[in-house]
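Visitor: I am new to this structure and should be grateful for a close look at one part of it. Please take a single helix as the point of departure and proceed from there.

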Amino acid sequence: MEALRQRTEFLRESLEKSKILTETMVAKLGSFDSRLSTLDSAMRPIQARTHAVRTAHENIDKTLRSADVILSQFDKTHEAEKIIMRGPNEDLKGYLEAVDKLRSVARFFSSNKSYKSSDGVLSNVNSLLAKAISKMENEFQRQITSRSKAVDPDKLFDCLPSSLRPSSESPSHPSETGKNLTNGNLSEKQEVAVYTPPTLIDPRFVPLLSKLAQQLVQAGHHAQCLKLYRDARASALEMSLKNLGVEKLSKEEVQKMQWESLEAKIGNWIHFMRIAVKLLFAAERQLCNKIFEGVDSLKDECFAEVTSNSLSVLLSFGEAVAKSKRSPEKLFVLLDMYEIMRELQPDIEVIFEGKACREMQESALTLAKRLAQTAQETFTDFEEAVEKDATKTTVADGTVHPLTSYVINYVKFLFDYQSTLKQLFQEFGTSGDESNSQLATVTMRIMQALQTNLDAKSKQYKDQALTYLFLMNNIHYMVRSVRRSEAKDLLGDDWIQRHRRIVQQNANQYRRVAWAKVLQCISAQGLTSSGGTGVGESGSGGASRALIKDRFRSFNIQIEELYQRQCQWTVPDPELRESLRLAVAEVLLPAYRSFIKRFGPLVENSKNPQKYIKYTPEDLEKMLGEFFEGKAAVEVRR
């Protein structure tokens with residue numbers, strides 16, 4: 001218990017001491033809090049003054065920065081002004097940069113109207129910009145005019161594919177014209193037909209011209225820019241075409257022109273159209289796109305303004321030809337013109353794209369359709385002209401009539417235009433397969449028209465034998481020509497066989513009509529009596545010697561007349577001529593030999609037998625060998 005009491009006393013003393021220490025610490029901490037509160041009150045004014053100083057410094061820095069920006073704008077204006085006043089001649093690139101600086105200054109002060117000097121500065125800057133734009137207009141005009149030169153024809157020819165360049169014999173014309181350029185082996189032409197549009201302005205100056213144009217557009221000077229560009233480029237383009245040989249001809253001038261002159265001009269026009277579209281217009285489009293890059297509305301409008309008159313001059317000639325009086329010889333040049341327009345149509349659609357060029361595109365398409373229509377009408381006119389050809393001129397020797405050779409050559413030439421004619425038929429709603437059939441139908445109609453006309457012309461001959469010979473010659477010429485041309489595949493074997501039979505029928509008719517009387521003279525018919533006895537001197541079968549002499553005499557007269565006349569007739573085809581001679585010989589010679597063998601002895605025993613039997617079968621064979629040679633004068637040989 002004592003021990004416990006001592007420990008309790010010890011704990012009480014320890015707690016007392018701890019209490020005293022705590023109270024002492026609390027008193028000290030309370031003293032610290034009082035002093036901190038006093039210090040905080042003392043620091044507040046100092047902090048406020050420090051914040052005010054800091055704010056003042058920030059405002060000063062901001063003001064200084066603003067002043068620097070404003071001063072830099074004044075510096076830009078001053079630097080730009082010096083360059084603007086000197087003009088763009090010395091340093092065009094620097095001049096354009098100075099204009100850009102002025103625009104930047106104007107934008108700055110326009111967006112910072114709070115500055116007291118903004119209005120004054122803007123007025124000064126805008127005044128400088130007006131002067132700058134005026135000088136830029138003059139510079140753009142000077143640059144575009146001085147660098148817009150006509151392209152030399154030789155340079156243009158060098159831009160053509162080698163197959164289309166002028167020949168050494170005719171330096172102003174292509175080495176091939178018309179059909180050879182626009183039809184034939186198209187795949188071969190496409191392989192080599194590389195067109196390289198000429199460089200119209202030195203590429204080094206195009207970027208500067210583009211910047212000048214863009215500056216004028218930005219300044220709202222669209223109309224002035226377009227006019228300056230159009231005047232310079234249109235003049236250069238028109239001069240290029242003029243140097244090439246393009247002429248501005250009225251419809252009346254074209255209609256009054258002699259065919260030979262017009263044909264030559266049409267050949268040139270085809271060449272000029274190709275050069276204009278694929279080279280000059282293509283080059284103008286490229287140049288326009290580069291100079292007005294990013295200004296699409298003005299780009300198309302400028303190109304349309306530059307090319308409008310030149311394209312109009314070219315198309316107006318085509319229109320005048322299409323509207324001129326139709327004639328058969330014009331069909332092929334119309335097809336050539338139609339071909340070139342169809343060939344160039346894809347190029348025209350690409351080069352003359354955009355709303356501003358739509359009317360020019362439509363003009364080109366309208367010309368192509370008008371040429372197609374005129375060609376089709378000329379086709380119809382030709383068919384009618386063939387059938388109604390009233391030429392009174394006859395071919396005296398029965399040979400191939402000039403109309404036949406003309407029509408056949410015409411038809412053969414048409415087949416060089418097969419693809420064009422099919423396209424032409426499709427122009428009026430005929431499908432691809434139907435166009436083949438339509439070409440065959442038209443060709444057959446022309447052939448039938450020719451045959452109808454030949455039938456009419458054959459009736460002009462007084463000698464019926466010559467009528468048949470004439471028809472035989474002409475229809476044979478038609479058949480032979482078709483067999484040797486592409487028309488064979490289109491007209492077919494049936495047409496050829498049918499007309500070969502007509503040739504044979506006319507040959508048979510010729511033989512029947514021409515030789516009937518001659519064969520009648522050497523026929524036994526009428527020389528023998530049914531009872532086997534004759535009157536007067538008689539021989540074989542009771543034939544009268546006098547009658548037989550008369551037959552021989554008549555035979556001699558008629559064979560000599562035939563020889564005299566038919567040696568002047570003509571069968572121009574050697575194979576047909578020999579075939580016809582052989583057909584006559586196969587009938588005549590056996591009949592003559594039989595007649596001599598049977599009735600010759602009656603005459604041979606009389607006085608002067610050679611007076612009656614003037615010709616041996618061999619003589620007749622030789623005489624037949626001279627038939628159908630077209631000799632001018634013939635002497636009968638004994």
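Guide: In this predicted model, helix α14 is formed by residues 402–414, 13 residues in total. From its first C-alpha to its last it reaches 18 Å, close to the 18 Å expected at 1.5 Å a residue. Seen residue by residue, L403, T404, V407, I408, Y410, V411 and L414 are buried in α14. These residues lie on the same side of α14, because the arc they cover around the axis is only 155 degrees. A general rule is helpful here: an α-helix has 3.6 residues a turn, so residues three or four places apart point the same way.

Other helices may be read in a similar manner. Helix α7, residues 206–218, packs against helix α10, residues 259–291, with the two axes 8 Å apart and at an angle of about 60 degrees. That angle makes α7 oblique to α10. On the α7 side the contact involves V206, L209, S210 and A213, which meet L287, K290 and I291 of α10. By character, the residues of this contact comprise five nonpolar, one polar and one charged.

A single residue completes the tour. A232 is part of helix α8, which spans residues 222–244. Its relative accessibility is 10%, and A232 therefore counts as buried, the cut-off being under 20%. Leaving aside residues up to four places away in sequence, A232 touches I144, T145 and S148. The C-alpha atom of A232 is also separated by 8.0 Å from that of Q141, although these two residues are 91 residues apart along the chain.

Technical notes: Residues numbered from 1 in each chain as written. Predicted model: local features only at pLDDT ≥ 70, side-chain atom pairs only at ≥ 80, totals over all residues. Heavy atoms only, no water. Helix = DSSP H or I, 4+ residues; strand = E, 2+ residues; numbered from the N terminus. Expected span 1.5 Å × (residues − 1). Buried < 20%, exposed > 50% of the residue type's maximum accessible area, 1.4 Å probe, protein only. Arc of directions from axis to C-beta. Axes fitted to C-alpha atoms, helices over the stretch in contact; angles between N-to-C directions. Parallel < 35°, antiparallel > 145°, perpendicular 65-115°, else oblique. Contact = heavy atoms within 4.5 Å. Nonpolar A, V, L, I, M, F, W, Y, C, P; charged D, E, K, R; others polar.
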